[in-house]
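Q: Please take a close look at a single helix of this protein. Which of its residues are buried, which are exposed, and why are they arranged in that way?

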Amino acid sequence: MVLVAAVRDYINRMLQDISGMKVLILDSSTVSFVSVVYSQSELLKKEVFLVELVDSISMSKESMSHLKAVYFLRPTSENIQHMRRQLDKPRFGEYHLFFSNILKDTQLHMLADSDEHEVVQQLQEFYADFVALDPYHFTLNMAANHMYILPAVVDPSGLQQFCDRVVDGISAVFLALKRRPIIRYSRTSDIAKRIAHEASKLMYQQESGLFDFRRTEVSPLLLIVDRRDDPVTPLLNQWTYQAMVHELISIQDNKVDLKNVSKLPKDQQEVVLSSEQDAFFKANMYDNFGDIGMNIKKMVDDFQQVAKSNQNIQTIEDMAKFVDNYPEYRKMQGNVSKHVTLVTEMSKIVEERKLMLVSQTEQELACNGGQGAAFEAVTNLLNNDNISDVDRLRLVMLYALRYEKESPVQLMQLFNKLASRSPKYKPGLVQFLLKQAGVEKRTGDLYGNRDLLNIARNMARGLKGVENVYTQHQPLLFQTMENITRGRLRDVDYPYVGNHFQQARISSSPMYHVRLAYYGQATIYEFLVDFKVRQIIKLSRCCYI
């Protein structure tokens, strides 16, 4: 419950000590921070009878002096201006201000000067400046963050804003967890280096007092890596439940939009998929697609048994029991309907796009050598009329990443084939991928063919065989985490920032507090890698997406 519990605790502290009817006022970011960990019914229990966005409140002039206003906002210039205007003409009886990160002194002075009516009862910093997707993973919901792989000269102010937001989010996580980490980053990534140094400057210089927590037995490690180190994983179709829902339908803030699914009742067109609220999902989120089908059938059978027992009502006692159990029955019915709908919809997409056929070739490209066979397999799929344009593009990208130095002639043939079969995707997309995430740009041993230990491991796996050809690929993240726990992560590839690691207590045994910050987007499948490593060595970790 690490991250979820931290955010819930902040929200509880905001609301529980303020008695009476309240309005909770959020911004476009904090509404996500709150909604993923707190339900509307829970807010009602805290006497929150209205939830509004700060910009819409600014446009209203209706007096609500009977309500106490609880603001939870990011400390942005825009939000400070909203607050100044609202304090100038107060509409609520009391104002309780909470900000999700560190306020600047100038912002504090502005707010103090604007409170001429003395309606502000309190102002606090509560460090929940991130979306806690589950206990171990969070995101900052930064739209189009892949745009920042472009050179800094393209948009220097935009790049600085991006870095500032990442540093704010990472610092909030560590303040919420009451830890100050040692910091490492991916050597080949300029943006990872920049974020690492700015985070270090904030934690060890600018706000060193705020981060001066009691030292723990083992110092936490913040490792900042670049999505470009492993461009393969996002290009693969995935076959575990959570990853498939995200890939084929899409998950945003633990919500799945099913509006495009025909014949669904309005109340089922958006469903919540959270491991904190859904026991079935928590138990099956990392299971393979085939296992999910069997587990859902068992859940349906169990529900049918409950439904059958509810039909056999003969006495007053039976009626009373049915009424008492009805809320749980309705919840179970909704859960069954949700998961059946998701699996049915994904099965249709898998069949329409022939994803099992595509995925087998994808896995071969990611895990095994054999350029000739790979070229033939990709060519055949490019010629297949049932394969979608996006899957054709992915196949050519996977081939290009694997054989960029070995087969320029065949690669050009695939470029031409892609252009003729899927004209909306230009070969320049593949070439741009190689320029940004090719072998010269990557840190680590992506294909396990640089390091003797990795070569031997791959040979052993080839002799042993794999349990499932659709899930044989392991993201680079697994190797990275394994190297950390065994003390084998090379300093030359992942340098430290400053000399703080020399003063910190770093055990020669596995580090038990690793925070992994992914510049670019981490995939849902990499959540599974994190889960597996935690199961093996009981690490406590968080991924930034």
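A: The answer below examines one helix, α14, after a brief view of the whole chain.

The model is a predicted one. Its protein chain contains 21 helices and 14 strands. Of the 545 residues in the chain, 50% count as buried. Among contacts between residues at least 6 apart in sequence, 81% join residues at least 24 apart.

Helix α14 comprises residues 371-382, which makes 12 residues. From its first C-alpha to its last, α14 reaches 16 Å, close to the 16 Å expected at 1.5 Å a residue.

The buried residues of α14 are Ala374, Phe375, Val378, Thr379, Leu381 and Leu382. They lie on the same side of α14 because they cover an arc of only 165 degrees around the axis. A general property of such helices is helpful here: an α-helix has 3.6 residues a turn, so residues three or four places apart point the same way.

The other side of α14 presents a contrast, for Ala373 and Glu376 are exposed there. The term "buried" denotes under 20% relative accessible area, whereas "exposed" denotes over 50%.

It remains to say what lies over the buried residues of α14. Their cover includes three helices: α13 (355-367), α15 (389-403) and α16 (408-421).

In summary, α14 has buried residues, among them Phe375 and Leu382, and on the other side it has the exposed residues Ala373 and Glu376.

Key:
Residues numbered from 1 in each chain as written. Predicted model: local features only at pLDDT ≥ 70, side-chain atom pairs only at ≥ 80, totals over all residues. Heavy atoms only, no water. Helix = DSSP H or I, 4+ residues; strand = E, 2+ residues; numbered from the N terminus. Expected span 1.5 Å × (residues − 1). Buried < 20%, exposed > 50% of the residue type's maximum accessible area, 1.4 Å probe, protein only. Arc of directions from axis to C-beta. Contact = heavy atoms within 4.5 Å.
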